[in-house]
2 protein chains.
Amino acid sequence: MLKKYNIAVIGATGAVGQVLLDLIEERNFPYDSLHLCASSRSVGKKIIVNGNEYVVEEINEELFNNIDFVFISANNEISKNIGLLASKKNCIVIDDSSVFRMNPDVPLVVPEVNPHALKNHKGIISIPNCSTTPLAMVLKPLNSINPIKRVIVDTYQSVSGTGMAAIAELNSQSYEILNGRPPTISEYPHQIAFNLIPHIDNFHENGYTNEEMKMINETRKILEIPDLPISATCVRVPVKIAHCESLNIELSQPIKLETVNDIFSKVEGVKILDDPLKNLYPTPIDVTGKDEVLIGRIRKDLSNKNGISLWLASDNLRKGAALNAIQIAEEIISNNYL
Amino acid sequence: MLKKYNIAVIGATGAVGQVLLDLIEERNFPYDSLHLCASSRSVGKKIIVNGNEYVVEEINEELFNNIDFVFISANNEISKNIGLLASKKNCIVIDDSSVFRMNPDVPLVVPEVNPHALKNHKGIISIPNCSTTPLAMVLKPLNSINPIKRVIVDTYQSVSGTGMAAIAELNSQSYEILNGRPPTISEYPHQIAFNLIPHIDNFHENGYTNEEMKMINETRKILEIPDLPISATCVRVPVKIAHCESLNIELSQPIKLETVNDIFSKVEGVKILDDPLKNLYPTPIDVTGKDEVLIGRIRKDLSNKNGISLWLASDNLRKGAALNAIQIAEEIISNNYL
């Protein structure tokens, strides 16, 4: 009989938490007990998973005495406190925050890219930032056959990356503007409806945002190329779900487009949607609710003989967060890395 | 006494035409007679300019017998037919379409960048594509002191680039979606509200769109660097007015950020908005209705010692179209290139 696990989901009512619960059902994740935790605002709320009703509870230290997997998707402070606490109590923590990601003792894992990094985990595993994961999934297979020299990436990131309140704000601002009223601004420094904000997370002294530095540093760690030249610009766009990225990739040698297509037709987790004459290329609505990273607009870089350009779309709540977290747990179970 | 000119505006009721009429008022453009032409749908419509009422008229060959400047912003077919006709009748045609731009006999002009190209015009002058103009305005001053080696640009382009009907469609689709109804799609191949479309204009065989090839070829012509390596990805975003661009620029030598700031504090038509810690960087709503191209997020490229990255926003209807057209006419008048 298949072993079943005791699970706690921290941030169960958030944008990522809700998708995580959907995926637990969808993938028949082998759980025995399930504890759903959230902030005091949501405590007492009832959530149905696999036909059973669960009551959202407050986080309680005792809870972790009998838990196998703790999925955290809340904020950095909760991840730090609960992550350390739960891992001390021998839970396996799969964390969606940035607090542990660059810690050399913490594997930062995309199962399709670097599953081997899970082998010697010490109780905490980080999942990458939602804009890093699809980037690493595209770079890895190319790098394996034609080492990557340089990457330039510009992102088009949806508001669900910020959370449920930001989706509500995009809706309410859109509604206000359509009705000729000034938009009410609270989630971002500027109006996001019908606007763009080239600013995600705090600014560093070098002029880059933390989101941009996360993409750069996390990609290097996942690909195990500590000095890979990457430049990133991260932009929030008025889209609800799914992040898109425009990639310019310089390889060591020229590559044929047929080779690129051939590589990605075999890669797990990536799907090609690239038939421009039929208006087929990835868009946010195409990928929303989908597991795969979609890639398209694959073409030779006209400015560099060793370069290619392409466009990707990825559901930031699924592969960018909840799905990646679940897949890590599945990988740990199937390899007995418990 | 200042000479005054007879003007015809072809496409007077379109998104660019309306801004052109605003600018004729705003800049006290020295006109004597003013003829407003549009498609039969708009004929008979009354428009007030400088307090005088003008009735929209159908295009009529006779009209051009006594006209000095013809501004065309309609479609390629009208530009071709009317442009050739009016220039034969000794009008100066300032055209917003792509039909004449790459013709070696037609100057392609951004007055702040290459005003000298106007000198020997032969009656038709093209204005660049709305995404090319701000790009050329940023590249030119850098290139003058530190020759540019390579440019990678990703755009975030508003729907007004398509026209009034696309603005209406963004509004109506947003309204439909907010009310739980499926969006009605007619202007683009896909839903644009709360979505992104990495496809502007037709596709070429090389996988690039015509919009991307226009940015590449037009920039080379304006800067007079026929082989400048440029790669472009053009994306339609759910924004009403203003185009943004993320630029990665490789120069011949390293450049200090102070030098970049110094250059652009002196360049006409470009304004720096770059104080991240105060959340100041260009956004579409900041630049809508403004003449200047705004630049910000200026930083060293972390992937190349000779590179910089920056972000720009430009009102595609003003500097990207109507303003640039008017400035060309003003330049022709003040230099007596008539």
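**View 1. Where chain A meets chain B.** Two residues count as being in contact if their C-beta atoms, placed from the backbone, lie within 7 Å. By that yardstick, in this predicted model, 50 residues of chain A are in contact with 51 residues of chain B. On the chain A side, the elements that each give two or more residues are strand 8 (148-156), helix 4 (164-178), strand 9 (230-233), strand 10 (243-251), helix 7 (284-287), strand 12 (293-300) and strand 13 (307-314). Sort that side by class and you get 27 nonpolar, 17 polar and six charged residues.

**View 2. How the two copies are related.** Turn chain A by 180°, with a shift of 0.0 Å along the axis, and it can be laid on chain B with an RMSD of 0.0 Å. That's the relation of a two-fold axis. Both copies use the same surface, too: 100% of the contact residues of chain A recur in chain B.

**View 3. Strand 8 of chain A and its neighbours.** Here's one of the elements from the first view, up close. Strand 8 of chain A is mostly covered, with seven of its nine residues buried. It runs antiparallel to strand 10 of chain A, and eight bridges join the pair; look for Ile148(A), whose bridge partner in strand 10 is Leu251(A). With strand 9 of chain A, strand 8 pairs in the parallel sense over four bridges. There, Asp154(A) has Thr233(A) as its bridge partner.

**View 4. How confident the predictor is.** Chain A averages a pLDDT of 97, and 100% of its residues score at least 70. For the model, the scores are ipTM 0.96 and pTM 0.97.

Definitions and conventions: Residues are numbered from 1 along each chain as its sequence is written. Chains are lettered from A and ligands numbered from 1 in the order in which they are written. This is a predicted model: local features need pLDDT of at least 70, side-chain atom pairs count only at pLDDT 80 or more; totals for chains, interfaces and linings use all residues. Ala, Val, Leu, Ile, Met, Phe, Trp, Tyr, Cys and Pro count as nonpolar, Asp, Glu, Lys and Arg as charged, and the others, Gly among them, as polar. Copies are superposed by least squares on the C-alpha atoms of residues with pLDDT of at least 70 in both. pLDDT is the predictor's confidence in each residue, from 0 to 100. A residue is buried if 20 or more other C-beta atoms lie within 10 Å of its own, exposed if 12 or fewer, and partly exposed in between; C-beta atoms are placed from the backbone. Two strands pair if DSSP finds at least two bridges between them.
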